[in-house]
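Please look through the structure shown below with its pocket, its ligand and its strand pairings in mind. The report that accompanies it takes these topics in turn.

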Amino acid sequence: MDHFQYRNGELHAEGVALGALAEAVGTPFFCYSTATLARHYKVFEDAIAGLNAGICYAIKANSNIAVLATLGRLGAGADVVSGGEMVRALEAGIAPDKIVFSGVGKTRDELDRALAAGVTHINVESYPELDILSAASQATGQTADVAIRVNPDVDAKTHEKISTGRKEDKFGIDLALARDAYRHAAELPGLNVCGVAMHIGSQLTDLTPYREAYTRMAEMVGVLRADGHEITHLDMGGGLGITYGDEVAPTPAEYGTMVAETVGNLGCRLTFEPGRMIAGNAGILVTRVIFVKQGTAKRFCIVDGAMNDLIRPTLYSAHHEIVPVTEQQSGVDLLEMDVVGPICETGDYIAKDRALPPLDSGDLLAVRTAGAYGAVMASTYNTRPLAPEILVDGDDYAVIRRRFTVQDMLALESLPPWLESGSTTR
Ligand SMILES: *Cc1c(COP(=O)(O)O)cnc(C)c1O
């Protein structure tokens with residue numbers, strides 16, 4: 001369920017008409033719905049209500065500070081995977097003690113800054129990171145609350161590029177090495193080793209791999225406790241899938257029940273890190289048709305949004321529903337076309353062989369389910385300014401990231417002295 005619906009023949013974001021919004025802010029743009037963000041957060045919260053648990057929204061899915069502040073006010077903490085994301089979470093008003101720092105390659109500098117900011121929940125993924133974190137916490141006088149991310153060697157059966165829990169994936173410490181890693185961690189000063197963390201992948205549409213992983217997690221807790229470690233905390237990761245096209249994803253309630261069955265009786269505080277499930281359906285990308293080109297083999301609808309704005313189709317072969325902003329008349333014959341951007345790459349497409357109503361230059365399209373891993377993965381390839389982000393709340397909207405300009409980009413670049421005008425050397 002989302003709040004992007006037709007009213008009087010025009011697609012709206014809550015109470016805001018998208019045609020007028022496109023006139024006001026230009027295209028392409030991302031548009032997020034506060035009511036949808038809140039609804040998804042609430043659904044997840046309800047699903048884990050019976051557990052001793054908290055939600056740390058995985059901010060890499062959509063890290064605009066207005067989105068973070070929206071979720072923060074609902075009670076969300078944050079899962080961050082870089083020093084930059086930590087700054088965003090703090091900037092959005094999320095308390096340091098509600099932030100978890102995850103990631104396979106944290107630098108000493110990032111750990112120093114995290115501890116200095118009071119972000120002490122750290123999910124560690126390797127032996128050298130344990131050593132560096134110990135040194136950092138001794139230097140800052142903080143004690144880091146450590147969960148070791150273990151790799152359960154479970155195939156999440158999701159897209160190759162977002163599967164993280166197999167032993168050939170770079171993430172976590174292999175279960176077979178985990179006992180030794182905890183032994184090592186317990187000997188290091190400055191660390192309070194209290195948790196086990198897992199995150200086996202993203203866009204999971206089947207609970208079976210989760211059940212397998214969480215069952216292994218529960219066994220591991222037993223083993224670690226027998227080894228004398230006080231395990232009080234479990235980080236369950238994120239990854240719950242959503243519906244982009246015809247997938248049937250488990251409901252958060254079904255997920256919650258499975259969690260209760262697998263780890264619910266261990267007496268641990270649980271942290272959940274949903275990202276996509278919160279933000280995915282809460283955003284769309286609005287783009288305008290530049291040209292429609294009929295070839296001998298194909299029809300191309302060339303739009304002003306491109307792979308630099310939304311890389312998921314070409315990176316993950318992802319499907320995104322596309323709907324015209326002006327509601328199509330019933331009875332209109334659909335035409336098959338590729339919806340492509342202007343970038344000089346064959347991989348620059350938003351959809352292939354998609355049935356859409358006849359389109360013309362100037363028509364507006366909405367690419368649905370673009371709220372997660374959309375704007376955050378955007379680039380300026382082909383010197384295309386980053387698209388703006390708009391947040392709607394009821395009948396109100398606000399620009400929460402303005403459109404980049406070419407001048408913004410050029411301002412970061414400079415000529416070396418030998419190429420400055422007037423220079424005659426070389
Ligand atoms: C990416 C990530 C998440 C969120 O994954 P979603 O599929 O967006 O829910 C949670 N935890 C960690 C450690 C991650 O890297």
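What follows is a description of a predicted model, beginning with the pocket and the ligand and then turning to the strands and loops.

## The largest pocket

The largest pocket in this predicted model has a volume of about 590 Å³. It is lined by 34 residues, of which Lys60, Val81, Thr164, Phe171 and His199 are the closest to its centre. Sorted by class, the lining comprises 11 nonpolar, 12 polar and 11 charged residues.

The position of the pocket follows from which parts of the chain line it: domain 1, made up of 4–31 + 280–410, and domain 2, which covers 34–276, both contribute lining residues, and the largest pocket therefore lies between them.

## Surroundings of the ligand

The ligand is surrounded by 15 residues, and the closest of these are Lys60, Ser202, Glu273, Arg276 and Tyr373. Lys60 thus appears both in this group and among the residues closest to the centre of the largest pocket.

Polar side-chain atoms approach the ligand at several points. An N or O atom in the side chain of Glu273 is 2.5 Å from a nitrogen atom of the ligand, and a polar side-chain atom of Asp79 lies 3.5 Å from a ligand nitrogen atom. For Tyr373, the partner is an oxygen atom of the ligand, which lies 2.6 Å from a polar atom of the tyrosine side chain.

## The sheet of E1, E2 and E3

Three strands, in the order E1-E2-E3, make up an open sheet with antiparallel pairing. Strand E1 (4–7) and strand E3 (16–17) are at the edges and have a single partner strand each, so that one side of each is left without a neighbour in the sheet. Between E1 and strand E2, which spans residues 10–13, there are four bridges in the antiparallel sense, and within this sheet Phe4 stands opposite Ala13 in E2.

## Strand E14 and its partners

Strand E14 (residues 283–294) pairs with strand E4 (residues 29–33) in the antiparallel sense, over four bridges, and here Cys31 has Ile284 in E14 as its bridge partner. E14 also pairs with strand E19 (residues 364–367), again antiparallel and over four bridges, with Val367 in E19 serving as the bridge partner of Leu285.

A further pairing links E14 to strand E15 (residues 299–303), where five bridges join the antiparallel strands and Val289 stands opposite Val303 in E15. The connection between E14 and E15 is a hairpin of four residues.

## The hairpin of E20 and E21

Strand E20 (residues 389–393) and strand E21 (residues 396–401) are paired in the antiparallel sense over five bridges, and the bridge partner of Asp393 is Asp396 in E21. Two residues lie between the strands of this hairpin, in which Gly394 takes a positive phi near 65 degrees.

## Backbone features in two loops

The loop between helix H1 (18–25) and E4 contains Pro28, and the peptide bond leading from Thr27 to Pro28 is cis, with omega near -5 degrees.

Thr369 is found in the loop between E19 and E20, and its phi is near 55 degrees, which is a positive value in a residue other than glycine.

Notes. Residues are numbered from 1 along each chain as its sequence is written. This is a predicted model: local features need pLDDT of at least 70, side-chain atom pairs count only at pLDDT 80 or more; totals for chains, interfaces and linings use all residues. Side-chain values use heavy atoms; hydrogens and water are left out. Two strands pair if DSSP finds at least two bridges between them. On a 1 Å grid over the protein atoms alone, a cavity is a set of points where a 1.4 Å probe fits but cannot get out, and a pocket is an open set with protein on both sides within 12 Å along at least five of seven lines; lining residues have an atom within 4 Å of a point. Grid points are joined across faces, edges and corners, and a volume is the space filled by probe spheres set on the points. Ala, Val, Leu, Ile, Met, Phe, Trp, Tyr, Cys and Pro count as nonpolar, Asp, Glu, Lys and Arg as charged, and the others, Gly among them, as polar. Domain bounds come from an automatic or database domain assignment. A residue is near a molecule or strand if one of its heavy atoms lies within 4 Å of it. A polar contact is a pair of N or O atoms within 3.5 Å; within protein, one must be able to donate a hydrogen and the other to accept it, and residues adjacent in sequence count only if both atoms are side-chain atoms.
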